[in-house]
Amino acid sequence: MAQNVRQSSAVLTDETCEILRNAAKEKSRKMNLDISFAIADADGLPRLFQRFGDALVLSATLVPAKAYTAAITQTPTEELMKAVANNGDLMGINTCDSKLTLVPGGYPLFINGQIVGAIGVGGGTKEQDCEIAEYIVAKLNELASE
């Protein structure tokens with residue numbers, strides 16, 4: 001487990017977190033949208049939070065929860081929501097941990113098949129949040145391939 005933490009922190013350096021934050025800002029600006037953005041490490045612990053402009057106040061609470069949830073479940077929050085709904089395989093998981101959220105916009109971050117952290121995006125529609133999140137995941141994959 002200690003090895004996982006070291007690998008995760010080696011990938012999610014302050015510099016990497018800043019690059020991802022800047023990518024979130026750039027993408028949200030292109031979409032003319034104020035968002036909140038969070039990064040968590042592989043254990044769901046906070047690495048970065050930023051509220052851009054006049055992002056919805058609720059997003060400041062939801063976004064860190066989205067990152068936490070995506071990290072500890074290693075699943076995008078939208079997929080988790082589907083697994084929980086209507087007697088799904090994971091129905092009730094959200095009652096076990098009050099920090100879990102089933103709101104779309106949380107995405108796990110993987111490098112070489114290993115979880116290294118997660119992001120949370122909020123402030124727009126679910127489609128907008130997911131579009132920005134997918135852009136950030138692609139940015140991390142681009143960085144990892146350099």
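**Exercise 1. Work out how the length of helix 3 compares with the expected span, and find which of its residues are buried.**

Solution.
Step 1. In this predicted model, helix 3 covers residues 57-73, a run of 17 residues.
Step 2. The distance between its first and last C-alpha is 25 Å, which is close to the 24 Å expected at 1.5 Å a residue.
Step 3. Now look for residues with under 20% relative accessible area, the cut-off for buried. In helix 3 these are Ser59, Val63, Ala65, Lys66, Ala67, Tyr68, Thr69, Ala70 and Ala71.
Step 4. Turn to the partners of these buried residues. They pack against strand 1 (36-41), helix 4 (77-84), strand 3 (106-111), strand 4 (114-122) and helix 5.

**Exercise 2. Find out what the phi of Gln74 is, and whether Gln74 is buried, partly exposed or exposed.**

Solution.
Step 1. Start with the general rule: most residues other than glycine have a negative phi.
Step 2. Gln74 is not a glycine, yet its phi is positive, at about 55°.
Step 3. Place the residue in the chain. Gln74 follows helix 3 and belongs to the loop between helix 3 and helix 4.
Step 4. Check the surface. The relative accessible area of Gln74 is 41%, so the residue counts as partly exposed.

**Exercise 3. Do the same for Asn112: what is its phi, and is Asn112 buried or exposed?**

Solution.
Step 1. Asn112 is not a glycine either, and it has a positive phi of about 50°.
Step 2. Its place is the loop between strand 3 and strand 4.
Step 3. With a relative accessible area of 78%, Asn112 is exposed.

**Exercise 4. Stay in the loop after helix 3 and decide which residues Thr75 touches, leaving out those up to four places away in sequence.**

Solution.
Step 1. Thr75 sits in the loop between helix 3 and helix 4.
Step 2. With those sequence neighbours left out, its contacts are Ala70, Leu80, Gly106 and Pro108.
Step 3. Add a distance. Thr75 and Ala118 are separated by 43 residues in sequence, while their C-alpha atoms are 9.3 Å apart in space.

**Exercise 5. Describe how helix 2 and helix 5 pack: at what angle, and with which handedness?**

Solution.
Step 1. Helix 2 spans residues 14-30 and helix 5 spans residues 126-145; their axes are 9 Å apart, and the angle is about 140°.
Step 2. Name the arrangement. Angles over 145 degrees would count as roughly antiparallel, and the two helices are therefore oblique to each other.
Step 3. Their crossing is right-handed.
Step 4. List the residues that make the contact. Helix 2 brings Thr16, Ile19, Leu20, Ala23, Ala24, Glu26, Lys27 and Ser28, and helix 5 brings Glu131, Ile132, Tyr135, Ile136, Lys139, Leu140 and Leu143.
Step 5. Sort them by character: nine are nonpolar, two are polar and four are charged.

**Exercise 6. Take Thr16 and Ser28 from helix 2. Is each of them buried or exposed, and what does each touch?**

Solution.
Step 1. Thr16 has a relative accessibility of 15%, so this residue counts as buried.
Step 2. Beyond its neighbours within four places in sequence, Thr16 is in contact with Val11, Leu140 and Leu143.
Step 3. One of these pairs joins distant parts of the chain: Thr16 and Leu140 are 124 residues apart in sequence, but 8.2 Å apart from C-alpha to C-alpha.
Step 4. Ser28 is also buried, because its relative accessible area is 0%.
Step 5. Leaving out residues up to four places away in sequence, Ser28 touches Leu33, Ile35 and Ile132.

**Exercise 7. Step back to the whole protein: in what order do its elements run, and what share of its residues is buried?**

Solution.
Step 1. Count the elements: there are five helices and four strands.
Step 2. Read from the N terminus on, and the order is α-α-β-β-α-α-β-β-α.
Step 3. The protein has 146 residues, and 44% of them count as buried.
Step 4. Finish with the contacts. Among those between residues at least 6 apart in sequence, 66% join residues at least 24 apart.

Methods:
Residues are numbered from 1 along each chain as its sequence is written. This is a predicted model: local features need pLDDT of at least 70, side-chain atom pairs count only at pLDDT 80 or more; totals for chains, interfaces and linings use all residues. Side-chain values use heavy atoms; hydrogens and water are left out. Axes are lines fitted to C-alpha atoms, for helices over the stretch in contact, and angles run from 0 to 180 degrees between N-to-C directions. Angles under 35 degrees count as roughly parallel, over 145 as roughly antiparallel, 65 to 115 as roughly perpendicular and the rest as oblique. A crossing is left-handed if the near helix is turned anticlockwise from the far one by less than a right angle, and right-handed if clockwise. Contact means heavy atoms within 4.5 Å. Ala, Val, Leu, Ile, Met, Phe, Trp, Tyr, Cys and Pro count as nonpolar, Asp, Glu, Lys and Arg as charged, and the others, Gly among them, as polar. The expected span of a helix is 1.5 Å times one less than its number of residues. Buried means under 20% relative accessible area, exposed over 50%, partly exposed in between (1.4 Å probe, protein chains only).
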